Amino acid sequence: MSDSYAFITIVGLTVITVVTRAFFLVSEQEMVLPDWVKRGLRYAPLAALTAVVVPEVVMTQGQLISTWQDARLYAVAVSTAYFFWRGGILGTIVSGMVVLIPLKLVMGW
Amino acid sequence: MSTVSLGIAAWGLVTGVAMVKSGLSIPLALLMNFTVFAGSVQLAVIPLMMVAAPIWVIWATAVCINLRFVIFSAQWRPYFMRYPLRQRLLFGYVSGDLTYVLFMKRFPEPRDDDGQVEYFMGASTTNWLAWQLPSVAGILLADVIPTHWGLGFAGVLALLGLTYSLLSDRATALAAVIAGAAAVAAFALPFRLHIVVAIAAAICVGLMIDGGGDAGRRVLTALGRRKLQPAVGQANERATA
């Protein structure tokens with residue numbers, strides 16, 4: 001890729017970051033959201049995170065995986081068990097990685 | 001915050017490596033890192049840039065991935081509108097997923113007095129450093145950092161833990177299951193629109209259950225009639241209990 005192509009793309013991406021993250025913070029106008037919109041929006045962060053995480057775990061190259069020999073499944077199972085047993089994000093990450101890395105390096109999953 | 005940062009750091013490192021391995025020069029990779037500041041966007045557009053996809057396609061992809069921040073920004077309003085425009089833009093720019101989730105769990109209601117903005121700036125700074133320092137390391141050390149260990153998965157696990165901490169009852173759990181299934185089913189859509197589909201599906205299910213209509217009541221019966229509380233509020237109660 002050429003440097004000018006990459007540069008223009010990056011500048012545009014920066015503008016997009018600012019505009020999307022500050023979208024409803026720009027206007028001074030009072031903004032009254034209907035009650036049902038407010039209730040609905042409470043589910044948005046949970047849904048967005050789930051939509052990012054689930055495909056990262058059960059899909060490869062845009063296809064649902066069809067094998068049990070995938071290190072990610074076992075890492076997520078252990079992380080999940082840890083979270084609901086002890087709670088805490090750090091333990092959730094570490095317990096999953098402790099399972100994932102040996103499975104990847106030794107078993108080649 | 002500091003514990004979640006570990007996952008962010010591993011994710012940042014891998015993103016830094018990925019940018020350089022895709023053929024971006026080191027100065028451009030550093031520029032992208034310091035200006036774009038959106039991990040999921042960076043990872044998604046790198047493969048597109050590698051094949052020299054049309055710029056508008058790349059930008060459209062980024063907008064779709066960032067649509068969730070548009071939704072989040074509506075919820076930041078009551079907290080930030082008393083600040084001047086330039087500061088609001090800065091607040092928006094630095095607010096990532098992590099800052100949003102941690103902040104809203106801690107401060108479910110906007111109040112004037114108790115250091116909310118200080119907490120926000122502290123969390124954002126930690127998040128910024130936890131992302132930028134490992135990313136720069138990844139960019140500079142791209143050739144010596146092994147990627148086949150699957151270190152990037154630590155970022156997914158960090159997001160997984162955050163997701164679990166947002167589950168407060170069977171209604172939110174059902175909404176999450178629906179969102180996950182919708183995301184996989186709609187994954188083939190261009191520009192990562194599956195994330196938007198998943199959000200829409202989960203909101204519909206959530207509203208149906210909350211609304212107390214006929215269908216919602218039947219779902220509640222099936223779920224065992226658990227009392228429903230606002231998702232964020234109850235998560236907060238549990239965290240402080």
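**Helix packing between chains A and B**

In this predicted model, helix 1 of chain A (residues 3-21) packs against helix 4 of chain B (residues 55-80) at an angle of about 20°, and their axes are 8 Å apart. That angle makes helix 1 of chain A roughly parallel to helix 4 of chain B. The crossing of these two helices is right-handed. On the chain A side, the contact is made by Ile8(A), Thr9(A), Gly12(A), Leu13(A), Ile16(A), Thr17(A), Thr20(A) and Arg21(A). Helix 4 of chain B brings Ile55(B), Ile58(B), Trp59(B), Ala62(B), Val63(B), Asn66(B), Leu67(B), Phe69(B), Val70(B) and Ser73(B). Sorted by class, the residues of this contact come to 11 nonpolar, six polar and one charged.

Now for another pair of helices across the two chains. Helix 3 of chain A and helix 9 of chain B (residues 170-185) have axes that come within 8 Å and cross at roughly 50°, which makes helix 3 of chain A oblique to helix 9 of chain B. Here too the crossing is right-handed. Helix 3 of chain A puts in Leu46(A), Ala47(A), Thr50(A), Ala51(A), Val54(A), Pro55(A) and Val58(A). What they meet in helix 9 of chain B is Thr172(B), Ala175(B), Ala176(B), Ala179(B), Gly180(B), Ala183(B) and Val184(B). The class tally for this contact is 11 nonpolar, three polar and no charged residues.

Stepping back to the whole interface, 83 residues of chain B are in contact with 63 residues of chain A. On the side of chain B that touches chain A, helix 4 of chain B gives the most, with 18 residues. That side of chain B breaks down into 59 nonpolar, 19 polar and five charged residues.

As for chain B itself, its secondary structure comes to 12 helices and zero strands, so the pattern along the sequence is simply α-α-α-α-α-α-α-α-α-α-α-α. Of its 241 residues, 48% count as buried. Among the contacts in chain B with a separation of 6 or more, 71% are between residues 24 or more positions apart. Helix 8 of chain B (residues 153-166) makes a handy check on geometry: at 1.5 Å a residue, its 14 residues should span 20 Å, and its end C-alpha atoms are indeed 20 Å apart. Helix 8 of chain B is also mostly covered, with 14 of its 14 residues buried.

A few loop residues round out the picture. Gln61(A) is not a glycine, yet has a positive phi of about 50°. Gln61(A) sits in the loop between strand 1 (59-60) and strand 2 (63-64) of chain A, and counts as exposed because 5 other C-beta atoms lie within 10 Å. Over in chain B, Phe37(B) has a phi near 50°, again a positive value in a residue other than glycine. Phe37(B) belongs to the loop between helix 2 (26-36) and helix 3 (39-50) of chain B. With 22 C-beta neighbours inside 10 Å, Phe37(B) counts as buried. Tyr43(A) is found in the loop between helix 2 (35-41) and helix 3 (44-58) of chain A; with 27 C-beta neighbours inside 10 Å, Tyr43(A) counts as buried. Tyr43(A) lies 43 residues from Arg86(A) in sequence, and the two are 25 Å apart in space, C-alpha to C-alpha.

How values were computed. Residues numbered from 1 in each chain as written. Chains lettered and ligands numbered in written order. Predicted model: local features only at pLDDT ≥ 70, side-chain atom pairs only at ≥ 80, totals over all residues. Axes fitted to C-alpha atoms, helices over the stretch in contact; angles between N-to-C directions. Helix = DSSP H or I, 4+ residues; strand = E, 2+ residues; numbered from the N terminus. Parallel < 35°, antiparallel > 145°, perpendicular 65-115°, else oblique. Left-handed = near helix turned anticlockwise from the far one by under 90°. Contact = placed C-beta atoms within 7 Å. Nonpolar A, V, L, I, M, F, W, Y, C, P; charged D, E, K, R; others polar. Expected span 1.5 Å × (residues − 1). Buried ≥ 20, exposed ≤ 12 C-beta atoms within 10 Å, placed from the backbone.
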